[in-house]
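Dear colleague,

Here is the structure I said I would pass on. My notes on it come after the model.

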Amino acid sequence: MCPPGFRNFLLLASSLLLAGLSAVPQSFSPSLRNSSGAPCRLSRAESERRCRAPGQPPGGALCHGRGRCECGVCICHVTEPGTYFGPLCECHDWVCETYDGSTCAGTCHCGRCKCDDSDGSGLVYGKFCECDDRECIDDETEEICGGHGKCYCGNCYCEAGWHGDKCEFQCDIPPWESKRRCTAPDGRVCSNRGTCVCGECSCHDVDPTGDWGDIHGDTCECDERDCRAVYDRYSDDFCSGHGQCNCGRCDCKAGWSGEKCEQPRSCPLSAEESVRRCQGGAERPCSGRGKCECGKCTCYPPGDRRVYGKTCECDDRRCEDLEGVVCGGHGTCSCGHCVCERGWFGTLCQHPRKCNMTEEQSRSLCESADGILCSGKGSCHCGKCICSAEEWYISGEFCDCDDRDCDKHDGLICTGNGICSCGSCECWDGWNGNACEIWLGTEYP
């Protein structure tokens with residue numbers, strides 16, 4: 001016989017155990033079976049409901065099509081370490097993409113950034129949580145941009161008559177007078193190359209040295225970039241090295257002519273004929289990638305054999321991704337176009353023809369946050385979106401980007417010195433600028 005004290009202890013332990021079991025959520029499978037191998041205490045319909053993503057109708061995919069449902073709990077398929085995970089097998093990628101050298105400014109969940117929004121303000125956002133509009137809050141008024149502007153990605157855009165990092169300063173002249181002073185002779189405010197602040201233009205200076213910029217003038221009317229021949233992006237020379245640049249126009253030295261002093265007067269060809277021969281079937285002379293002299297192209301960057309051809313029409317840099325891998329490692333490059341090995345296809349041979357996923361699994365990876373397959377602008381293959389070829393400018397993981405938003409220079413997107421990634425130029429090593437138009441190296445390798 002047990003002593004009374006021990007019997008009381010057993011009763012107390014039993015009570016605590018029962019209370020603990022009753023607090024376990026129904027979705028916790030061990031509490032739904034009497035013992036190992038015993039039948040599930042949930043109905044089939046209830047079990048499947050718990051394995052189905054919220055909002056999906058009966059009959060929809062269980063465990064996102066990536067696992068099996070056992071008594072209301074998803075057992076994810078694991079063909080390789082970390083393939084699928086999460087309560088409903090909703091996660092595929094373990095880590096988030098990097099931005100500005102770091103992985104996600106918020107919390108990485110399911111391969112996507114979850115921004116810190118503990119106060120419910122929604123001021124931190126972006127694919128990488130890179131935008132923090134809390135930086136726009138005025139310390140004194142505690143208003144965004146002092147109540148005199150709008151904030152976008154941590155930067156204030158002030159209303160007319162206000163200026164400052166947080167629109168905290170008011171101009172001493174009326175907005176109409178400020179605009180009048182900033183308007184160039186062609187009718188454009190700051191020649192569309194600067195910002196008007198209280199009647200004075202702040203030009204968008206693109207000179208990385210910090211000296212007198214390429215864009216200057218009272219109304220930013222002078223753009224020294226207009227004096228640069230295409231190849232001169234690689235040097236400090238203006239007007240092909242044969243003239244002086246005055247407010248965006250070339251005054252050529254003796255013996256040279258042409259808009260950018262590119263034509264030697266000793267050349268038997270006219271300037272028009274010289275350009276025609278250099279242009280061939282391309283849109284620009286030397287395809288925008290070289291120097292035209294007397295009807296012949298010299299391709300640039302200097303010493304880079306990846307750019308070649310009679311009119312510099314071949315640019316094998318276009319076969320490389322940002323890591324420098326040629327044709328995804330699954331093909332060879334021919335005049336700037338990838339020729340894929342058997343079993344691969346895509347612009348950079350990035351898509352395998354054979355897929356080990358079911359159609360349902362593949363589609364679930366191609367759906368954007370709003371549930372639309374490839375944003376309605378592409379098709380899904382093996383969990384990857386292939387954007388419509390008819391709309392060349394559509395790109396992005398879910399075909400949700402517009403590459404027309406990328407800056408151009410010399411008529412080329414990203415100046416031909418980078419890759420357009422979701423509306424922004426990702427420059428190759430050695431290049432800088434919104435359109436990758438600025439060469440920062442001393443000489444090209």
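Below is what was found, from the whole chain down to single disulfides.

Please keep in mind that this is a predicted model.

The chain has 445 residues, and 36% of them count as buried. Its secondary structure is made up of 38 strands and 5 helices. About 27000 Å² is exposed, with 50% of that supplied by carbon and sulfur atoms. If one takes the contacts between residues at least 6 apart in sequence, 28% join residues at least 24 apart.

An unreviewed UniProt entry lists "domain: Epidermal growth factor-like" for residues 136-167, 319-349 and 406-436. In the model, residues 136-167 are 0% helix and 31% strand, and the end C-alpha atoms of that span lie 9 Å apart. Residues 319-349 come to 0% helix and 32% strand, with the end C-alpha atoms 9 Å apart.

The structure holds 30 disulfides. Three of them are described here.

Cys 63 and Cys 74 are joined with an S to S distance of 2.1 Å. The two cysteines are 11 residues apart: Cys 63 sits in the loop between helix H2 (44-50) and strand S1 (67-70), while Cys 74 belongs to strand S2 (residues 73-76). The torsion about their S-S bond is about -95 degrees, so this disulfide is left-handed. Is each end buried or exposed? Cys 63 has a relative accessible area of 0% and is buried; Cys 74, at 11%, is buried too.

Cys 115 is bonded to Cys 129, S to S 2.2 Å. This link spans 14 residues, from Cys 115 in the loop between strand S6 (112-114) and strand S7 (124-125) to Cys 129 in the loop between S7 and strand S8 (131-132). It is left-handed, with -100 degrees about the S-S bond. Cys 129 counts as buried at 4% relative accessibility.

The third disulfide pairs Cys 414 with Cys 425, at 2.2 Å from S to S. Cys 414 is in the loop between strand S34 (412-413) and strand S35 (418-421) and Cys 425 is in strand S36 (residues 424-427), so the bond ties together parts 11 residues apart in sequence. A torsion of about -95 degrees about the S-S bond makes this disulfide left-handed. Cys 414 is buried at 0% relative accessibility, and Cys 425 counts as buried at 15%.

Regards

Terms used:
Residues are numbered from 1 along each chain as its sequence is written. This is a predicted model: local features need pLDDT of at least 70, side-chain atom pairs count only at pLDDT 80 or more; totals for chains, interfaces and linings use all residues. Side-chain values use heavy atoms; hydrogens and water are left out. UniProt positions are given in the numbering used here, feature names are shortened, and annotations may be inferred rather than shown by experiment. Helices (H or I, at least four residues) and strands (E, at least two) are DSSP runs, numbered from the N terminus. Buried means under 20% relative accessible area, exposed over 50%, partly exposed in between (1.4 Å probe, protein chains only). Contact means heavy atoms within 4.5 Å. Accessible areas come from the Shrake-Rupley method with a 1.4 Å probe; for residues, only the protein chains shown count as cover. A disulfide is a pair of cysteine sulfur atoms within 2.5 Å.
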